[in-house]
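These are my notes from going through the model. I looked up confidence, then each chain, then the interface.

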Amino acid sequence: MIEDLAFIGQIAVKSSIAVLLATLGEIVAERSGVLNLGVEGMMLVGALCGVATGVATGNPFLAATAGALAGGVLALVHGFFAISLRVNQVLSGLALTILGLGVTSFLGRPLIGMRPGVRLQALPIPGLADIPVIGDIFFRQSMLAYLAYLLVPICWYFLFRTGTGLKIRAAGEDAAAVDAAGINVARIRYLCTFTGGLGAGLAGAYLSLAYTPGWKESMTGGQGWVAIAMVIFATWNPLRAVIGAFFFGGLTALQFYFQAVGVELIPAYILKMLPYILTIVVMIFVNAGRRGRRFGGPAALGIPFSREG
Amino acid sequence: MAWRIEKRPTSLAPAPVWAFPAALGFAVAVGTCIFAALGANPLAAYWVMLTGAFGSFFHFSEVIVRAIPLMLTGLAVAVAATMLLWNIGCEGQLVWGGICAAGTGLFLAPHLPPLLVIPATIAAGAAGGALWALIPGVLKAYLAVNEILSSLLLNYIAIIFMEHLYFGPWRNPEGYGFPGTAQIAEMGRIPHFFGTRIHLGLVLALVLAVVLYGALRTTRWGYRVRAIGLNRRAAHYAGFKIRRHIVGVMLLSGALAGLAGMAEVSGIHFRLQQGLAVGYGYDGIIVAWLARLNPLVVPLMALLLGALIVGGEQLQAVLHLPASISMVLEAVLLFGLLLSEALSRYRLVRRPPAANSDVTQEEEAT
């Protein structure tokens, strides 16, 4: 029983890292007022770039870095349209996702079925990994998982306890006031959009280097969209993002568990649907619980800023 | 004489005529770069795409075949977006339209009078899509759940369910293990024209485009929908029942997408199988916005995207270039449209040379 729990827990954490990284990135972007619906596309580009760099260099760190940067660069396209050109951010984000799908579909063709060259193996942390159950669940993961653990408090501290974080949040609430205070709104928003892209790109690289090593067309399977939904669940707070991501990972782990044990308590196709169904259910509850309270999202989310008015 | 760029005095300036040609030009330019980067002659590649799409009556008929579902999903996105609702779930609604049409054709048809089979199939397809769109509609109207995310996540659920059906309970027992349902009998298939694969869906889509255009311009319902889209608060104070309109418009939008799925199943595949959910729902978003949400323009833009898809397939067949280039070009087309929209907020003005510092003004304006 305990072993089963450790097994499920380990896979749950493993399955939640990509969503967690992408959610953290999107939280930063949305806090500054930029809604980027291109997460799915940026994740795909990050995943492909990770594999390609891995094959070319054989260096896992370079591969992960390249994946993150690829996501960041793609995010800058959205940044240019959303921040500089001030177009509709929903459309620009959707276009970014379609672009990511298309670009990876044709650039990734030669890599299909190829060994990734590198893979990020589980790296037990000496000492911590030997703690019963908890060690198995949390400390026998890959490097990127540990990085994600660290990024959660870092993101939170950065957003809520530093001056820059205050500026970011202010840009997302009332850009005109930030501008009047002599702070460059566009620069903040560009940096945050880029950061969001880094998170999504890294999330994609995690999928293609650690989770299911190798490249497969549309291998993200909607995790980018789940991440955007989890931003709402987390009420734009990095600490709460952990809960959302772990919840998604847990449902994925249950699928593996039932498959491995051969029990079919719940039909396989229902299990496959569950992460998506429950993400919607979560959004319903978050909205119902928030009724009457003031705080929704950043007030200026999705609203372009221009001095010309 | 000096030129300068200045912001248009009003933000309500009508959409410029050149926005679409500019977007098309942008996409062609980016496509040229892509072809060149892939080591292909861009002129040859575009020639293959053009002749592949318009080179013969047969090729053009295939463009129309692709355009039919795009017209319907384009209309679906457009009608919702007129009210500022984002229906990103057309793919799932299309799938449900297909499931219901296939179910009717396979299991209900033997019990129906032959004349009723096709009307029942069409109605089932529309109903399937509408009911699937009802979920995000109700969630949006009564619980303020973001319809972009809910409708999109429902796509994945619909596709998993469809796969379950044709891999599992609906699988053709005589299909030699091939994943897919049995074929729909002849009487359950919608009629075809001119000896091609062009089917009744075309008539349906064109009629619906005209009807929607008329309804949005001339009826009281259409006025309300447009008013809510333009200014929700004002519409609320005018006493319009906004929640009811959200649910109603989502139902209509879903029904249109469902018809696309119905037409694919009863007009093209004749069974439920892999290849129904190939992204027509997402392409509908591009079609709708290229058409600037005008239902009468939607069929034209659907033809353009259909030509792009067929042309992309020809690239693969003739030049062995990946067909997914057409998907990249679709995204670039949308970006191009956004770009020209942004530029259209400004205008070029010719001014007599002024004594004072026009130069600095110029710099500021750019």
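**Confidence.** I began with chain B, whose pLDDT (the predictor's confidence in each residue, from 0 to 100) averages 87, with 91% of the residues scoring at least 70. This is a predicted model, in which I take local features only at pLDDT of at least 70 and side-chain atom pairs only at pLDDT 80 or more, while totals for chains, interfaces and linings use all residues. Residues are numbered from 1 along each chain as its sequence is written, chains are lettered from A and ligands numbered from 1 in the order in which they are written.

For the complex I noted an ipTM of 0.89 and a pTM of 0.89 from the predictor. I then looked for a weak stretch and found residues 357–366 of chain B, where pLDDT stays under 50. The model has eight contacts beyond four places in sequence for this stretch; I count two residues as in contact if their C-beta atoms, placed from the backbone, lie within 7 Å. Where pLDDT is low, the predicted coordinates should not be read in detail.

**Chain B.** I listed 14 helices and two strands in chain B. Helices (H or I, at least four residues) and strands (E, at least two) are DSSP runs, numbered from the N terminus. The radius of gyration, taken over C-alpha atoms, is compared with a globule rule of 2.2 Å times the number of residues to the power 0.38. Chain B has 23 Å, which agrees with the value near 21 Å for a compact globule of 366 residues. Its C-alpha atoms fill a box of roughly 85 × 60 × 35 Å along the principal axes.

I found 49% of the 366 residues in chain B buried; a residue is buried if 20 or more other C-beta atoms lie within 10 Å of its own, exposed if 12 or fewer, and partly exposed in between, with C-beta atoms placed from the backbone. Of the contacts in chain B between residues at least 6 apart in sequence, 78% join residues at least 24 apart.

**Chain A.** I listed 12 helices and zero strands in chain A. The radius of gyration of chain A is 19 Å, close to the 19 Å from the globule rule for 309 residues, so chain A is as compact as a globular protein of that length. The C-alpha trace of chain A spans about 60 × 45 × 40 Å along its principal axes. Of the 309 residues, 53% count as buried.

**Interface.** I counted 33 residues of chain B in contact with 35 residues of chain A. On the chain B side, helix 5 (114–143), helix 6 (147–167), helix 11 (280–290) and helix 13 (325–343) each supply at least two residues. Helix 13 of chain B gives the most, with 11 residues. By class, this side has 26 nonpolar, four polar and three charged residues. Here Ala, Val, Leu, Ile, Met, Phe, Trp, Tyr, Cys and Pro count as nonpolar, Asp, Glu, Lys and Arg as charged, and the others, Gly among them, as polar.

**A:Ile98.** Which residues does A:Ile98 contact, leaving aside its neighbours within four places in sequence? I found B:Tyr282, B:Met327, B:Glu330 and B:Ala331. A:Ile98 lies in helix 4 (residues 89–107) of chain A and counts as buried because it has 26 C-beta neighbours inside 10 Å. The C-alpha atoms of A:Ile98 and A:Gly41, 57 residues apart along the chain, are separated by 6.7 Å.
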